Amino acid sequence: MQLRRLAASPLALVPTLTLALFLLPIAAGLIGTWLPAFGILPSLGGTGPTLEPWARLLADPALPGAVTATLVSGFGSTLLAFALTVGFAAAAQKTWAYRQATRLLAPLLAVPHAAIAIGIAFLLAPSGFLLRLFSPWATGFELPPDVATTQDRYGIALALALAVKETPFLLLMLLGALGQVQSPQRLATARALGYGPVTAWLKTVLPAVYPQLRLPVYAVLAFSLSVIDMALILGPTAPPTLAVLVFRWFNDPDLALRFVGAAGATLQLLVVVTGIALWRLAEICVARLGRRWIAGGARGGTGGVARGGWSAGIFILLGLGLASLLLMALWSFAGRWRWPEAWPDSLTAATWARQLEPAAETGWTTLLLGLAVAGLALALVLGCLEQEQRSGRRPTRALWLLYLPLLVPQVAFLFGAQVLAILTGLDGSFAALVWSHLLFVLPYVFLALAEPWRRLDSRYLRSARCLGATPLTVFWRVKLPMLLRPVLFAAAVGFAVSVAQYLPTLFAGAGRYSTLTTEAVALSAGAARRVVGVYAFLQALLPLAAFAAAVGIPAWCYRNRRALQ
Amino acid sequence: MFPLRSIALLLGCGLLAASPLAAEPRAVPRFDEAMTAAQGQTVYFNAWGGDERINAYLDWVGAQMDARHGITLVHVKLSDTADAVARVLAERAAGNLEAGSVDLIWINGENFAAMKEADLLFGPFVPELPNFALVDTERKPTTVIDFTVPTDGLEAPWGMAKFNFIYDSDRISATPANAGELADWAASQPGRFTYPAPPDFMGSTFLKQLLIELTEDADLLQRPVESDDLFAQATAPLWSYLDGLHPHLWRSGQAFPTNGPAQRRLLDDGEVDMALSFHPGEASSLIVAGQLPDSARTFVFPEGTIGNTHFVAIPFNARSPEAAMVVTNFLMSPEAQAEKQNPEIWGDDTVLALDRLSDEARALFEAVPRGVATLAPEALGPVLLEPHPTWMTALEDDWRRRYLR
């Protein structure tokens with residue numbers, strides 16, 4: 001007995017270790033941000049406590065506009081993504097459109113936010129691709145019209161781009177959750193009682209599946225309210241969104257603005273917390289009204305119109321995403337390509353030839369970093385899940401804390417975490433970079449792997465134990481091979497998330513490490529679209545390759561085992 | 001309101017300087033000693049990375065340094081020079097006095113004044129560099145006085161800049177000759193002009209150019225801002241000018257491009273008809289690169305436009321100051337300067353005095369093509385001096401308060 005406990009103990013430490021790796025920088029980061037917000041940061045001469053940073057923040061002329069743009073783009077994108085996801089799932093279940101859309105999910109999910117934003121900026125701009133297609137022959141525009149279709153005051157273009165990126169995520173989460181609530185049986189029962197297909201789904205499946213969708217929706221809301229890289233590319237400029245405003249304060253040579261930035265970062269946190277609370281409140285109201293609607297017994301129609309409408313909505317959104325990527329790829333090969341031409345004068349590989357060497361170097365850093373982070377995250381998640389299964393306990397509540405980095409806005413704690421990194425001498429090291437990425441990668445890996453791992457039929461494990469295998473053997477020879485597909489998929493998700501990180505790379509990397517994402521965002525502000533195209537394309541390519549590997553490797557390994565394919 | 005930012009900056013720096021962490025200044029080696037020590041060192045050159053051509057030039061410099069001196073040059077691409085200044089400050093705050101992450105920094109004006117004031121610079125090292133003797137400090141006084149602040153050997157001149165406008169000659173036949181004509185033209189062509197939002201240096205320079213022209217007593221600008229009232233009085237004509245101009249701008253003045261290159265892209269896309277530039281050769285260079293239409297040309301105001309010099313400096317806590325000195329010396333060499341002046345490479349004017357060069361070195365410059373859109377030296381007009389940096393910070397603050405809402 002004693003021996004067994006001892007043997008199990010290293011594994012037992014994994015969940016604790018994982019949580020510590022997470023909570024330490026976030027807690028330290030939050031405190032390291034809150035103290036300066038009240039004027040306390042002795043190394044910069046702040047001995048506080050004082051409310052002066054808050055007074056300066058609230059008196060800032062840019063604040064009202066920044067908060068408005070943040071709320072419009074944050075709530076707008078989340079509502080749009082949520083409505084499209086739920087509407088499409090309800091209206092288009094089992095149709096051809098549904099199967100096609102789900103196939104398009106993975107590529108869009110994999111592509112970093114910045115790449116999408118860069119492409120959409122070119123697609124929608126007044127001198128962009130959409131208007132070029134129709135100008136001047138249809139629109140009569142000899143010159144690009146002076147209309148803010150991107151970088152608009154309220155961040156509507158930003159909201160649209162966020163929705164392009166978030167809808168695939170929510171749809172994928174919904175697909176995963178549907179499997180756990182016996183949706184076919186629910187639907188069959190409701191249909192037998194005479195309910196139309198859409199009404200049946202909304203009345204019987206949605207209430208059951210929503211609790212599983214809640215956390216992803218909150219994460220999307222928190223992300224949309226505090227995104228920086230996409231807002232730099234597509235968001236309003238005068239004033240920018242709150243997160244960008246705070247980001248600028250932290251980067252100002254005037255140290256006194258660090259204090260204002262800290263107060264702004266804390267306000268950003270408040271905005272997100274309030275946003276989530278409002279959403280929760282709306283949930284309760286909708287649930288109340290919905291209960292009455294469900295009990296009312298209206299059967300609903302065949303849902304033909306809804307099916308067409310929601311499918312069109314989803315395809316427009318997915319189409320925007322894919323078109324923006326293809327356009328950036330085209331730009332990287334373009335010769336002269338001026339308004340109003342819809343196709344470049346010539347195609348050339350000159351930009352690639354010039355950029356290949358620097359891009360390859362940056363790509364290499366991105367690749368190594370992504371592999372290191374995804375590998376580490378996978379090891380920790382597997383450790384946590386294995387420990388959970390061996391100890392026979394249901395998922396511990398503490399592991400919910402893993403999702404904290406998805407809910408707390410990055411700017412709210414990265415500044416404080418950077419101070420911690422400088423104090424410990426980790427600042428600018430590869431280790432700090434890996435750690436900072438891990439914070440955001442691990443939750444997604446956990447999210448992707450937890451369900452398949454827990455759902456594996458335990459009779460396989462018992463059979464293996466009966467045949468004399470140790471728990472370790474069971475892990476390596478039964479669980480991992482059987483779950484190779486979800487394990488690799490989770491690793492690919494982790495890799496893609498790492499590639500997409502912008503702010504953590506800047507803060508922890510101390511400018512020493514540039515990744516395809518930091519490079520693409522830096523270039524997108526000004527440089528020629530051809531170069532931006534090269535970086536955006538590579539930035540999209542790496543995660544796609546990872547997903548291809550995640551699908552291809554198990555298929556090849558198990559080419560002669562049909563049940564495992 | 002007005003000097004809050006600059007005062008706070010100086011105050012912040014002052015507190016840092018007074019803290020026990022402040023170290024003894026490090027000794028500057030002789031250049032031959034530096035050459036020996038530089039072997040195998042790595043120089044993290046923190047320089048704005050928003051222009052593909054400049055990045056390519058720095059890659060070339062890196063290759064030269066590797067081949068000649070065994071120095072590894074890493075271009076840390078900044079989106080704003082202030083990031084690197086902030087980093088050095090943070091390192092000092094954390095007690096990192098000898099192993100800083102910045103070895104060399106591309107800098108001028110406001111950031112130099114702040115770093116000099118706070119003793120964040122290594123040196124004076126510039127007098128030790130052999131190529132500094134070739135710099136034209138007499139006819140180009142801005143090579144030793146940066147925005148009215150004496151460089152005191154703490155930063156090395158790297159290139160000359162002169163404010164100019166790039167325009168599309170297919171769209172504009174008569175170019176404006178002063179601020180008033182510019183506003184008239186903008187009003188007649190609504191939505192076809194804009195400028196980068198300050199504190200981007202291009203946008204700030206545009207404000208200073210207008211201020212020098214519009215204010216009553218331009219000599220005042222050469223001294224630090226003395227009071228809020230004085231600032232309000234001196235800048236009142238500027239604000240009323242901008243209030244009148246903004247409704248006619250691109251996006252009705254509700255949005256601004258992020259920086260100079262972003263505005264050039266708008267020009268190339270046909271969204272506006274003008275862009276701002278700091279390099280007389282830039283338009284030619286961008287036509288060659290296919291980033292501006294062949295019809296792009298440049299003009300200046302005949303009464304003069306702002307000119308200045310950009311520099312490189314070494315932070316006080318650089319890890320490899322010796323190698324940074326060797327790199328700096330190379331940046332000032334005739335070979336590197338001539339390469340840089342070529343519009344097909346970058347198109348940035350030299351800081352050197354051509355009459356002090358050997359025939360061989362002068363031939364390098366004579367071989368540099370001028371480019372189709374570049375004005376002849378005599379057509380560039382007089383150089384207006386940069387105002388004291390305090391004007392710039394105050395202008396940026398007030399601009400933000402008025403128009404960023």
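Which residue in β8(B) is the bridge partner of Tyr167(B)? Keep that question in mind while opening the structure, which is a predicted model, and begin the tour in chain B.

**Stop 1: a three-stranded sheet in chain B**

Select residues 164–168 of chain B, which form strand β7, and then add strand β8, which runs antiparallel to β7(B) and is joined to it by 4 bridges. The residue asked about above is Met274(B), which lies in β8(B) and is the bridge partner of Tyr167(B). Now widen the selection to the open sheet, in which 3 strands of chain B follow one another in the order β8-β7-β9 with antiparallel pairing. At the edges are β8 (274–277) and β9 (296–299) of chain B, each of which pairs on one side only. From one strand to the next, the twist averages 30 degrees.

Next, show residues 260–269 of chain B, the helix α9, which packs on this sheet and touches both β7 and β8 of chain B. The direction of α9(B) makes about 150 degrees with that of β8(B).

**Stop 2: a covered strand and a covered helix in chain B**

Move to residues 155–162 of chain B, strand β6, and colour them by accessibility: 8 of the 8 residues are buried, so the strand is largely enclosed by the rest of the structure. Adding residues 305–313 of chain B brings in strand β10, which pairs with β6(B) in the antiparallel sense over 7 bridges. Within this pair, Ala161(B) can be found opposite Asn308(B) of β10(B).

Then select residues 110–117 of chain B, helix α5, which is mostly covered, with 7 of its 8 residues buried. The buried residues of α5(B) include the charged-looking labels a reader may wish to click on, Glu110(B) and Lys116(B), and also Phe112(B) and Met115(B). Just after α5(B), stop at Asp119(B), where the backbone takes a positive phi of about 55 degrees.

**Stop 3: chain A as a whole**

Hide chain B and display chain A, which holds 23 helices and 2 strands. Turned along its principal axes, the C-alpha trace of chain A spans about 75 × 65 × 55 Å. The radius of gyration of chain A is 25 Å, which agrees with the value near 24 Å that a compact globule of 565 residues would have. Of those 565 residues, 56% count as buried, while the area that chain A exposes comes to about 23,600 Å², with 69% of it supplied by carbon and sulfur atoms. Among contacts in chain A between residues at least 6 apart in sequence, 80% join residues that are at least 24 apart.

**Stop 4: two packed helices in chain A**

Select residues 63–91 and 256–296 of chain A, the helices α3 and α12, which pack at an angle of about 40 degrees with their axes 12 Å apart. The crossing in which α3(A) passes α12(A) is right-handed. To see the contact itself, show side chains on α3(A), among them Leu71(A), Phe75(A) and Phe82(A), together with residues of α12(A) that include Leu267(A), Gly275(A) and Trp279(A).

**Stop 5: an exposed residue in chain A**

Finish at Thr47(A), which has its place in strand β2 (residues 46–47) of chain A. Is this residue buried or exposed? Thr47(A) counts as exposed because its relative accessibility is 67%, over the 50% cut-off. Leaving aside neighbours within four places in sequence, Thr47(A) is in contact with Gly39(A) and Ile40(A). A distance drawn from the C-alpha atom of Thr47(A) to that of Leu35(A), 12 residues away along the chain, should read 9.8 Å.

Terms used:
Residues numbered from 1 in each chain as written. Chains lettered and ligands numbered in written order. Predicted model: local features only at pLDDT ≥ 70, side-chain atom pairs only at ≥ 80, totals over all residues. Heavy atoms only, no water. Pairing = 2+ DSSP bridges. Axes fitted to C-alpha atoms, helices over the stretch in contact; angles between N-to-C directions. Contact = heavy atoms within 4.5 Å. Buried < 20%, exposed > 50% of the residue type's maximum accessible area, 1.4 Å probe, protein only. Rg over C-alpha atoms; globule rule 2.2 N^0.38 Å. Areas by Shrake-Rupley, 256 points an atom, 1.4 Å probe, with all protein chains shown as cover. Left-handed = near helix turned anticlockwise from the far one by under 90°.
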